[in-house]
Each structure stands twice: as structure tokens, then as C-alpha cells.
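Hi,

Here is the structure I promised to pass on. Have a look at it first, and my notes on what turned up are underneath.

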Amino acid sequence: MTALSAQVCVRNRLGLHARAAIKLVELVQDYDAQVTLQTDTKSANADSVMAMLMLESAQGETITVSAYGPQSALALDAVKALFEAGFDEDTVTSHATT
């Protein structure tokens, strides 16, 4: 079995903060796969909120997501979708005033 990987961009304004990390950890628990996130300098398993916070990933940063296991393709697709949706948070950095 080979590991699959893809690059994702942190789109949400607050980056990979506690609420986003919890969503990610809960998501990967639904799959029979080990998911790892890696920045330029750090790597963390996606099954730990604390590990996700230690990545200190900010908006605009690119992260490599790797998945290994029987459901690695499904897990990778789900993680990519979560990042693309900006963790369902505000992805706009400025607001128009009326």
C-alpha cells in the first residue's frame, strides 16, 4: 500500500487554529487511514489537536497532506475538501463597510 499526498492551501482567515484543528481531527477519525500534515519545517499527525496547533499554519500557507491506509484516497479527498472550504469559516480578509 502506498501513501497518497496532495498540497492544500490554508484559506481561512485564522489559519489552522484550535477550532479548525478539532474539525480536522474529527474528520480523519472517520477513515481507516493515517493522515499527516507537513509544512516546510514541521510535520504532524492529523489525529492530534495539539500536533496540528504546533504546525502554526497561517492563512495562505501551503501544507502537504499525506494519507496511508485502506481508505487513504477517501481521507485525502475529505481533508482537501475541508481545506478548500476554509473549514467553513470566514475566508475574506477584509469587509466592505456601508
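Just after helix H3 comes Gly86, with a positive phi near 65 degrees. Please keep in mind that this is a predicted model.

H3 itself runs over residues 72-84, and its length checks out: at 1.5 Å a residue, its 13 residues should span 18 Å, which agrees with the 18 Å between its end C-alpha atoms. Its buried residues are Ser72, Ala75, Leu76, Ala78, Val79, Leu82 and Phe83. They sit on the same side of H3, because the arc they cover around the axis is only 165 degrees. And what covers them? Strand E1 (4-9), helix H1 (18-28), strand E2 (34-38) and strand E4 (62-68) are among the elements that do.

Two of these H3 residues turn up again in the largest nonpolar core, which has 27 residues. Val79 and Phe83 are among the members that touch the most others, along with Leu24, Val35, Leu37, Met52 and Val65. E1, H1, E2, E4 and H3 each give two or more residues to this core. In general, nonpolar side chains in soluble globular proteins tend to be buried together.

Val65 is a good place to zoom in: leaving out residues up to four places away in sequence, Val65 touches Leu4, Ser5, Ala6, Val8, Val35, Thr36, Leu37, Leu76 and Val79.

Lastly, the aromatics. The count comes to one aromatic pair. The ring centres of Phe83 and Phe87 are 4.9 Å apart and their planes are at 70 degrees, so this pair is edge-to-face. Both Phe83 and Phe87 are buried.

Best wishes

Methods
Residues are numbered from 1 along each chain as its sequence is written. This is a predicted model: local features need pLDDT of at least 70, side-chain atom pairs count only at pLDDT 80 or more; totals for chains, interfaces and linings use all residues. Side-chain values use heavy atoms; hydrogens and water are left out. Helices (H or I, at least four residues) and strands (E, at least two) are DSSP runs, numbered from the N terminus. The expected span of a helix is 1.5 Å times one less than its number of residues. Buried means under 20% relative accessible area, exposed over 50%, partly exposed in between (1.4 Å probe, protein chains only). The arc is that of the directions from the helix axis to the C-beta atoms. Contact means heavy atoms within 4.5 Å. Rings of Phe, Tyr and Trp (its six-membered ring) pair if their centres lie within 6.5 Å; planes under 30 degrees apart count as stacked, over 60 as edge-to-face and the rest as tilted. A nonpolar core is a set of buried Ala, Val, Leu, Ile, Met, Phe, Trp, Tyr and Cys residues joined through side-chain atoms within 4.5 Å.
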